[in-house]
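This briefing sets out selected features of the structure shown below. It treats the surroundings of one strand and then the arrangement of the domains.

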Amino acid sequence: MTSILENRPLLKAEIDKVAEVAGYLWQKGWAERNGGNITINITEWVDDGMRTLPAIDGPRPIGKKLPHLEGCWFYCKGTGKRMRDLARDPMANGSVIRILEGCTHYEIVADQPVLPTSELPSHLAVHDDLLAKGSPYRASLHTHPIELVAMTHSRKWMEKDVATRMLWSMIPETKAFCPRGLGMVPYMLPSSVELADATIRTLDDDYDVVMWEKHGVFAVDTDVMSAFDQVDVLNKAALIYLAARGMGFEPEGMSDAQMQELSDAFGLAK
Ligand code: 13P
Ligand code: ZN
C-alpha cells in the first residue's frame, strides 16, 4: 500500500515531527497507555492529488459546527493508540482527515481507517478558534505531565496565575519560552464539548498552554515541537520546585523585579 506521505516531503516532515514528539512524550513518562493526543493542521501541504482522494471512512460528526475549518485537513493521533507506537509508525497510529462542507463532519482519507482521538472536539475547536483569530499556530498537543498534573490537585495552584508565577520564578527560561504562562481549566469530562469550550475560553484569555485539572495539559504553537517545548519548560520548572521542597525548603524564586526585567529585555508577552 502506498502512503499519502510518499513524494510529499514537506507533509512527511511535519508528520515525522509528530512522531519525534510522541517518542519524547513516552520517554518523559507523560504518555502511559494511550495517554495524550496530537493534531496538526496540514492544509497548507495539501495538493490537488490529495484533494481527489476518496474517503476510506466517514462521514462522522465532529460534535460541533466549526465554520473556520471549511476545506481544512488534519493529521490526528488515533483514539486508543499509544504515543510509543506512533513514534515508530505515525500512519498506523494516526490518520489524515478532511473537514466536509458545512463544517460539522469529517472523513478519513489516509492511510488507514484509524479513528481520530477522543479529544477531537477540543483539538478541532481550538484549530477553528486559531484560524478565526488569524493565528499562525498549526499544532495542538495534549499530554499528561506528571508534576504539572500533580499540582492541580491543590486549590492553591488552580487559582488564576498562582502556578504561572511560581513556575516562571524557578528559572528564567520558563518565562522566556512559555511567555504567556499556564491557564487553568477546572475539571471537566474528558472528550466533552464543555471541555473544548472551556479550553478555548482559557486560551483566548491569552495563554498558549492550559491545564486540565487532574488530567493534563493542552498546548498550542506554530508546530508540534514548539508546543512540546512550552510544556517541557513548564514541567522542568515544576521539577525544580519539587527538588527544592525535597531538599527541605520552600524555594525563594526570582523576584517580581527580576521577572519584569526579563520581560523588558526580551520583549515578552506578559
Ligand atoms: P485518545 O486515545 O482518544 O487520544 O485519548 C487519550 C487521552 O489522553 C484522553 O484525554
Ligand atoms: Zn488525556
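In this predicted model, strand β7 (residues 182–185) runs parallel to β8, and four bridges join the two. Strand β8 itself covers residues 209–212. On another pairing, β8 meets strand β9 (residues 216–221) in the antiparallel sense, again over four bridges.

**Strand β8 and its partners**

- Within the parallel pair, Gly183 is placed opposite Val210 of β8.
- The connection from β7 to β8 passes through helix α9 (residues 193–204), giving a β-α-β crossover that is right-handed.
- In the antiparallel pair, Val209 faces Ala219 of β9.
- A hairpin is formed by β8 and β9, with three residues between the strands.
- Lys214, which lies in that turn, has a positive phi of about 55°.
- Strand β8 is covered on both faces: Val209 and Met211 are buried on one side, and Val210 and Trp212 are buried on the other.

**Domains and their contact**

- The chain comprises domain 1 (1–142) and domain 2 (145–270).
- A distance of 25 Å separates the C-alpha centres of domain 1 and domain 2.
- Contact between the domains involves 26 residues of domain 1 and 24 residues of domain 2.
- On the side of domain 1 that touches domain 2, at least two residues come from each of α1 (9–27), β1 (37–41), α4 (120–132) and β6 (139–143).
- The most is given by α4, which supplies six residues to this side of domain 1.
- By residue class, the side of domain 1 that touches domain 2 consists of 14 nonpolar, seven polar and five charged residues.

How values were computed. Residues are numbered from 1 along each chain as its sequence is written. Chains are lettered from A and ligands numbered from 1 in the order in which they are written. This is a predicted model: local features need pLDDT of at least 70, side-chain atom pairs count only at pLDDT 80 or more; totals for chains, interfaces and linings use all residues. Domain bounds come from an automatic or database domain assignment. Two residues are in contact if their C-beta atoms, placed from the backbone, lie within 7 Å. Ala, Val, Leu, Ile, Met, Phe, Trp, Tyr, Cys and Pro count as nonpolar, Asp, Glu, Lys and Arg as charged, and the others, Gly among them, as polar. A residue is buried if 20 or more other C-beta atoms lie within 10 Å of its own, exposed if 12 or fewer, and partly exposed in between; C-beta atoms are placed from the backbone. Two strands pair if DSSP finds at least two bridges between them. A crossover is right-handed if, with the strands pointing away from the viewer, the path from the first strand over the helix to the second runs clockwise.
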